[in-house]
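I opened this entry to keep a record of what I looked up, going from the sheet to the ligand and then to a single side chain.

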Amino acid sequence: NTPVANQSTNKIWKLMEKYLPNTKEAIQSSVVNHVEYTLAKTRFDFTLLHCYQAVSHSVRDRLIEAFNDTYQYFNNKDVKYVYYLSLEYLIGRCLQNALVNLELESQYKEAMLDMGYNLESVYEQEVDPALGNGGLGRLAACFLDSMATLNYPAWGYGLRYSYGIFRQQIKDGYQVEVPDYWLDRGNPWEIERLDVNFQIKFYGAVTKKVQDGKERTTWEGSEIIVARAYDNPAPGYNTFNTINLRLWRSLPSSEFDFKSFNQGDYFKALESRQRAEFITSVLYPNDSTYAGKELRLKQQYLLVSATIQDAIRRFKKKRKEWKEWPKYNALQLNDTHPALAIVELMRILIDIEGLEYEDAWELVYNSFAYTNHTILPEALEKWGVELLGNLLPRHLEIIYNINHIFLEKISRKYPNDWRKLSTLSLVEEGTHKTIRMANLSIVGSHAVNGVAALHSQLLTTTLFKDFYELRPTKFQNKTNGVTPRRWIRCANPGLSALLNDVVGSDDWVIDMDILKNFQKIADDPAIQNRWMQVKRQNKEKLYWWVKERCGVDLNLDSLFDIQVKRIHEYKRQLMNILYVIRRYLDIKKTPAEERRKLFVPRSIMFGGKAAPGYITAKRIIRLVNAVSQKVNNDQEIGDLLKVVFLPNYNVSNAQVIIPASELSQHISTAGLEASGTSNMKFVMNGCLIIGTMDGANVEIAEEVGEENMFIFGARVEQVEELRNKMRNSNYRDYFGPRLTEVCDAISNDLFGYKYDLDALLDTIRNKNDYYILAADFESYCEAQQRVDNLYKNKSEWTKKSILNTLRSGKFSSDRTIRQYAEEIWDLEPCEIPNPSKSEQER
Ligand code: GPV
């Protein structure tokens, strides 16, 4: 890019210096301009979708102003950056979030109403970009919001998949996966950077030659493609700072396929171009499981290589010395998925920049940090050396070097300790030799963290024990958080208005901790009434959502009891539905006239996607739908019990579901849910949790008080012993009578689908019940009884609900991000001066 001559730059600057005004008229004219000039539509041929598109473009214009100014400012101040690397981002819809964060929602509402459009129905036109699986991807999105809001100089980096996580349909009670081509109607939020492209190489060979007495290694890739940048502005709240989520898309490289075209096979040459585009086509739909597919490795390397090249280019523009790299760059790995970044930076520093190995290592080590998100063995990434060595031969070589040097240090420290050597090694030996990406991430990082106190403690005492003993100070905890902007301010306007009145301002949106100062309102009957009204309105919204999508009529006076998350055995949706059956059988056994006295009417809702290849998870969905069918159509039961499967759980649906929930289930086997983040969203929205002492539930109990939750089940210390007790015993010995009756009912075909459902039950009957469902079932039933008892006392329930919200401040991702910045990244905020209001309104 040739810089424009100074004089003309000045001229251009003069033309651009005014910011877009935000008066009603200015907003309306910018929308209408986009209708005509961007969409090429006239006022006679104009749908709600067009309206959404024009409004989004007009908001995007405003975002771009802030976004360009922000990075210009960072650049001038020559700040340190954090690079957040993640294979997943679940950012959710952008329009409302952007308006709220730019503090323009009421202006747009009024401007649109005046033109005959309801802003809320405009919001509904937007697709939900679902470039992630679950908690890990949504966490990355909450972090972007907090990094922008707290004015940290940050970049998010990820992949622009053409297909996000599949859309889930339920057909005959089974999950059906439908491709999610989310770019169908274009994407007004992204900025395609035609000029930001990096070459990415795969395969090929490594050559060594001696140059000036030094061995130089070069890697010549045999397949070369291009990664192109697509920028997605993420505005902060109450600040002009707007940061960038840069997503890479793979494209064929035009420079490198002349050869194949010249060989004469035109169609074969085109095919190889299409293979390049395919790399970022589809998100792998596995949550917490490792897939081991070459295409996935290509995706990971593409993200890593493009991002590192981009960061290096930015660093070099300032002509800094390599030794200053860690002073200006922090790189955070969201799990091991982008762990090859460690190796890629080593490769560039050594092979291309000519640094000595030890010097390169110091720069890498001091700039990288790694977040672990699970201890589940099936999630730990291990790439086969054949696959890795074929696709990235030089990287495998560097991994072997890192391992060699590392293990030498270990054997000096612990001579002849073979157990230590083999557990710490980056290489897992065996018939199928693999590279342990977690070990690579730990060795290459100066900080390693878990995502909740319990999880971080388990890391240092179990999974990473030997690493911990080697370098205890490397290991940290950073309890997850969620952004109150999206999860209260956007999702729950009723509660937001109430909190504004309680606090006397909207300061809580950026400082959730101040809510603690208002706990006395929990006893105030007037506040309690208003609190219940807000919940009621949110329940009504969900009522219509469910009626439209599931055809079920919920009782608005019933307790809304919700479990929404990816379907996984360790999350124990199975335990929930087995309890629902228990409740159904109990109601049926009770004489009709006593039922309403004994049972609180409940609407029990499940939602979440099963990985397409995860048969047990899919059978759980089948069971929920079978029970739903039976119970909802049982005349005797009426509205005492309704069971609903909420299809296609995603971020935008969560924004309707969570605020409407009264009881929320987080019932994983103790020790297996690293943190959980929806638990935090539910608590903020005044839901009571029924849950185990797992993940962040432990800290939620600390903050809101155990008396304001329904805690049950085995503690983490008891799990192993319970498993041992079950080992080699018959399930009839470890099932209690209540569970036995439920399982017998299913096996006796009360709900149909006997083949599927028996196979499902066998996971707890004949496989030693790894997730100790049976052991926790009785205590779960008792906790459910406590729920019923409390719900009968509306005022007591509401009081606890209020306290849950007011005491949830710790779980704002603002707190989490401050800790990352101060304790891992060594990063200072850098707030750009907000152009004065008068200037904005000119
Ligand atoms: I590893 N998590 C996820 O969503 N996908 C993954 O591939 C992996 C972890 C989740 C954990 O299961 C949650 O407990 C946690 O709250 C979340 O990551 C964010 O840390």
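My notes follow in the order in which I looked things up, and they concern a predicted model.

Sheet. I looked up the strand order first and found an open sheet of nine strands, ordered 5-8-9-2-1-10-11-15-16, with mixed pairing. Strand 5 (191-202) and strand 16 (475-477) each have a single partner strand, so one side of each is left without a neighbour in the sheet. From one strand to the next, I noted an average twist of 25 degrees.

Within this sheet I followed strand 1 (residues 81-85), which pairs with strand 10 (residues 329-334) in the parallel sense over five bridges, and there tyrosine 81 has asparagine 329 as its bridge partner. Helix 35 (residues 813-825) packs on the sheet, touching strand 1, strand 10 and strand 16 among others, and its direction makes about 165 degrees with that of strand 16.

Hairpin. I then turned to strand 3 (residues 167-171) and strand 4 (residues 174-178), which run antiparallel and are joined by five bridges. Two residues lie between these strands, and aspartate 172 in the turn has a positive phi of about 50 degrees.

Ligand. I listed the surroundings of the ligand and found 19 residues, the closest being Gly135, Leu136, His373, Ala674 and Ser675. This shell divides into five nonpolar, eleven polar and three charged residues.

Valine 502. Is this residue of helix 21 (residues 493-503) buried or partly exposed? Valine 502 has 19 other C-beta atoms within 10 Å, and because buried begins at 20, I entered valine 502 as partly exposed. Leaving aside neighbours within four places in sequence, valine 502 is in contact with Phe518 and Ile521.

Note on methods:
Residues are numbered from 1 along each chain as its sequence is written. This is a predicted model: local features need pLDDT of at least 70, side-chain atom pairs count only at pLDDT 80 or more; totals for chains, interfaces and linings use all residues. A residue is near a molecule or strand if its C-beta atom, placed from the backbone, lies within 6 Å of it. Ala, Val, Leu, Ile, Met, Phe, Trp, Tyr, Cys and Pro count as nonpolar, Asp, Glu, Lys and Arg as charged, and the others, Gly among them, as polar. Two strands pair if DSSP finds at least two bridges between them. Helices (H or I, at least four residues) and strands (E, at least two) are DSSP runs, numbered from the N terminus. A residue is buried if 20 or more other C-beta atoms lie within 10 Å of its own, exposed if 12 or fewer, and partly exposed in between; C-beta atoms are placed from the backbone. Two residues are in contact if their C-beta atoms, placed from the backbone, lie within 7 Å. Axes are lines fitted to C-alpha atoms, for helices over the stretch in contact, and angles run from 0 to 180 degrees between N-to-C directions.
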